[in-house]
Amino acid sequence: MPAAYEHIVILTGAGISAESGLDTFRDKNGIWSKYAIDEVATPQAFRRDPQKVHDFYNMRRRRVREAQPNAAHYALARLEEAHDGEVWVVTQNVDDLHERAGSRRLIHMHGEILKVRCPACGAVLHWEEDLTPETPCPACDTVGCLRPHIVWFGEMPFEMDAIERRLEECDLFVSIGTSGNVYPAAGFIQSVRRNGTAQTVELNLDPSLGEDLFTLKLYGPAGEVVPMFVERLLAGQV
Ligand code: APR
């Protein structure tokens with residue numbers, strides 16, 4: 001029997017990694033309650049005080065290396081493996097927990113904290129250690145410009161053309177662990193609704209800003225709600 005859904009797109013945000021011990025951004029005690037975006041997450045901040053920006057991402061990189069995928073990450077990898085149709089995860093997260101859980105069809109639209117980029121030569125390299133303004137680029141030896149391979153505020157997210165194509169063809173759109181505060185990701189639900197008749201699902205701890213735009217909504221910790229949803233989906237009950 002053909003799968004109920006041929007093209008599934010799953011958008012994830014910080015909430016899916018919360019139970020892995022990684023802070024979200026806008027919850028109480030979230031990252032943006034402790035750090036100012038314009039001091040650590042913009043190109044201007046990096047030009048003004050690169051050490052401060054490196055310290056911020058060095059702390060987050062260390063936390064990601066200590067974290068483990070949780071049941072929600074593993075459930076999405078299982079869905080990709082077990083579902084007859086195509087399953088794509090578009091994540092706003094810069095951790096590698098989806099990869100470590102086994103997801104393969106994955107787009108990191110905000111970049112990856114375990115990679116660095118050299119604006120001088122364009123190299124993008126796997127990187128697990130701390131960075132300082134004195135770290136030379138391993139590819140071209142330039143000092144002082146190596147940066148986290150992260151999309152800062154004011155920069156264009158990655159792979160937007162590919163993401164738009166996936167949203168146009170999807171017949172199931174699932175949003176997990178995101179508050180719906182930051183565009184373009186927050187606008188994906190509107191694109192899906194404009195494009196056609198896809199089923200739309202929000203799985204979150206609390207209703208997001210876009211909650212009214214989803215047809216099915218399940219609230220609770222991702223580690224519980226996502227595995228349950230995936231089993232229902234694989235049983236043809238969604
Ligand atoms: N399970 C499911 N959802 C959770 C959990 C959990 N255990 N804990 C928190 N959440 C939900 C919150 O209810 C909230 O809706 O996850 C969402 C987290 O929202 P944000 O902190 O705003 O994170 P996110 O939506 O991913 O932010 C988007 O903003 O600062 C930028 O680049 C950053 O990618 C990030 C983007």
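Here are two short exercises on a predicted model of a protein chain with its ligand.

**Exercise 1. Work out how the ligand is held by its surroundings.**

Task: Find which residues come nearest to the ligand, and which polar contacts its oxygen atoms make.

Solution:
- Step 1. Start with the shell, where 23 residues surround the ligand and F25, R26, W32, T178 and S179 come nearest.
- Step 2. Sort that shell by character: nine residues are nonpolar, 10 are polar and four are charged.
- Step 3. Now look for N or O pairs within 3.5 Å. The side chain of R26 places an N or O atom 2.7 Å from a ligand oxygen. For the side chain of W32, the corresponding distance to an oxygen atom of the ligand is 2.8 Å. Q92 takes part through its backbone, with a polar atom 3.3 Å from a ligand oxygen.
- Step 4. Finish with the surface: the ligand alone would expose 730 Å², and the protein buries 93% of that.

**Exercise 2. Describe the fold of the chain as a whole.**

Task: Decide how compact the chain is for 238 residues.

Solution:
- Step 1. Count the elements: the chain has nine helices and nine strands.
- Step 2. Compare sizes. The radius of gyration is 18 Å, close to the 18 Å from the globule rule, so the chain is as compact as a globular protein of that length.
- Step 3. Add the dimensions: the C-alpha trace spans about 55 × 35 × 30 Å along its principal axes.
- Step 4. Check burial, taking buried as under 20% relative accessible area: 53% of the 238 residues qualify.
- Step 5. Turn to the outside, where the chain exposes about 11100 Å², with 49% supplied by carbon and sulfur atoms.

Conventions
Residues numbered from 1 in each chain as written. Predicted model: local features only at pLDDT ≥ 70, side-chain atom pairs only at ≥ 80, totals over all residues. Heavy atoms only, no water. Near = heavy atom within 4 Å. Polar contact = N/O pair within 3.5 Å; in protein donor to acceptor, adjacent residues only side chain to side chain. Areas by Shrake-Rupley, 256 points an atom, 1.4 Å probe, with all protein chains shown as cover. Nonpolar A, V, L, I, M, F, W, Y, C, P; charged D, E, K, R; others polar. Helix = DSSP H or I, 4+ residues; strand = E, 2+ residues; numbered from the N terminus. Rg over C-alpha atoms; globule rule 2.2 N^0.38 Å. Buried < 20%, exposed > 50% of the residue type's maximum accessible area, 1.4 Å probe, protein only.
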